[in-house]
Amino acid sequence: QLSLIRLQLLADSLHEGHLPDRPDSLVSDIVHVGIGGSLMGPQLLCAALPTGIAAPAVHFLSSVDAFDRERLLLDLDPATTVIVLVSKSFTTSEILAHGRRLRDWMQQALGESASSQRLIAVTSAPARAVAFGVPEDQVLAMGEWTGGRYSIWSPVGLTVAITAGANMFASFCAGGAAMDQHFRTADAADNLPLIHGLLSVWHRNICGYPARGLIPYDSRLRGMPGWLQQLQMESNGKSVTLDGARMTLETSPVVLGDCGTDAQHALFQAFHQGTQVVPLDFIGVVRPAHQDHCAQQDLLSHLLAQATALAFGRNETETRDMMQMEGKTAGQIEFLLPHRRMPGERPSSILMLDELTAENLGMMLALYEHSIFVESVIWQINAFDQWGVELGKVLASQIQSAMGSSDNADSPELASLQGLMKHIKQQSKQTGSE
């Protein structure tokens with residue numbers, strides 16, 4: 001409850017472009033530092049929801065790659081920037097690497113006291129955030145049980161509340177709560193997350209389709225395929241059951257997608273005529289956030305046309321008739337027929353929103369979360385752990401130590417990298433970056 005009060009106070013002030021209790025201060029930019037679920041949800045919502053007139057511009061940093069950060073710092077003024085560090089454990093290497101650099105950059109310009117006023121943390125380890133230099137009253141606590149990919153409803157959504165407003169963030173959460181209630185109480189025949197999850201299992205295990213796609217026909221939802229990719233594959237990319245037995249069924253499909261007609265010119269050739277069938281979710285919005293209704297009708301026509309083409313294809317007779325109308329010769333028709341015929345029978349679903357409101361967006365994201373949970377119950381796997389992610393982190397730490405040492409690596413995994421690490425060391429010395 002205390003974190004929600006702090007979220008409201010921080011969001012209200014920053015949404016108006018100033019620090020809490022300092023209306024004379026200016027905040028022009030927010031830098032949200034996170035990784036995975038602590039970034040993808042806020043990034044999706046900040047792109048999808050309208051921004052307040054006085055709200056600061058928001059920038060996102062995730063990868064430990066310093067290029068984006070250093071380029072961003074060239075355009076920021078430390079005196080008008082606020083840093084939001086999001087890490088459940090507050091030990092995540094990517095977050096701390098960016099955080100230290102940003103904190104030092106700000107302290108060099110403003111001093112320690114003034115810069116600390118522009119640091120905010122969201123974490124389940126408040127003491128670590130305070131030790132890092134974040135004022136205690138600017139630390140928002142999240143539950144230890146909150147998984148990153150399910151955390152957008154928590155104080156992790158602070159950046160959304162800053163840019164779109166605390167009331168709009170509350171509407172988003174209300175939409176999620178409405179879908180929660182629907183999932184708990186609706187009859188099976190009308191239960192959208194249940195039906196969606198069952199359909200996904202049908203496609204994966206009965207039909208044997210190895211992938212699924214998400215294609216939003218609204219540029220504000222451009223981040224949804226990546227968001228679903230993490231939700232699906234990190235939650236249900238498991239090969240053992242809850243009791244540790246080896247899975248006998250295939251679990252998470254590979255998730256891919258892109259936005260609207262862009263995807264048509266990149267992915268849809270394989271969707272229509274490739275050897276693998278990829279079930280698709282199309283997302284459309286009837287009423288856009290602009291006045292060009294002719295363009296919107298054109299966009300939705302493409303959505304409906306693609307779903308229809310995938311379902312029905314084009315048979316041999318239709319293909320012959322089409323080419324005859326084009327004036328093709330008999331020889332050309334026979335040559336082109338197998339190339340221009342479409343098999344059809346490729347499944348898709350359409351989720352159509354009347355309008356992209358905060359509440360509707362909350363309902364839609366919650367629908368996908370519950371659908372993933374339905375899959376996990378059927379497969380009898382734990383959707384809320386991600387041990388596979390940990391091995392790479394452990395090895396990265398060992399490799400970093402080995403690259404900074406003159407000793408040979410003593411583990412088989414690192415020994416196999418000796419040649420490459422040696423090359424990296426040599427090149428680093430030549431550029432002065434070691």
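Which backbone nitrogen does the side chain of Ser87 reach? In this predicted model, the side chain of Ser87 reaches the backbone nitrogen of Phe90, at 2.9 Å. The briefing below covers the surroundings of Ser87 and then an open sheet of four strands in the order 7-6-8-9.

**Surroundings of Ser87**

- Ser87 lies in the loop that runs between strand 3 (81-86) and helix 4 (93-110).
- Ser87 counts as buried because its relative accessibility is 3%, which is under the 20% cut-off.
- Beyond its neighbours within four places in sequence, Ser87 is in contact with Thr92, Ile95, Val122, Thr123 and Ser124.
- A separation of 29 Å lies between the C-alpha atoms of Ser87 and Leu414, which are 327 residues apart along the chain.

**The four-stranded sheet**

- The strand order of the open sheet is 7-6-8-9, with parallel pairing.
- Strand 7 (254-257) and strand 9 (348-355) are the edge strands, each of them pairing on one side only.
- From one strand to the next, the twist averages 20 degrees.

**Strands 6 and 8**

- Four bridges join strand 6 (residues 211-216) to strand 8 (residues 280-287) in the parallel sense.
- Ile215 has Phe282 of strand 8 as its bridge partner.

**Helix 10 on the sheet**

- Helix 10 (residues 224-236) packs on the sheet and touches strand 6, strand 7 and strand 8.
- The direction of helix 10 makes about 175 degrees with that of strand 7.

Methods
Residues are numbered from 1 along each chain as its sequence is written. This is a predicted model: local features need pLDDT of at least 70, side-chain atom pairs count only at pLDDT 80 or more; totals for chains, interfaces and linings use all residues. Side-chain values use heavy atoms; hydrogens and water are left out. Two strands pair if DSSP finds at least two bridges between them. Helices (H or I, at least four residues) and strands (E, at least two) are DSSP runs, numbered from the N terminus. Axes are lines fitted to C-alpha atoms, for helices over the stretch in contact, and angles run from 0 to 180 degrees between N-to-C directions. Contact means heavy atoms within 4.5 Å. Buried means under 20% relative accessible area, exposed over 50%, partly exposed in between (1.4 Å probe, protein chains only). A polar contact is a pair of N or O atoms within 3.5 Å; within protein, one must be able to donate a hydrogen and the other to accept it, and residues adjacent in sequence count only if both atoms are side-chain atoms.
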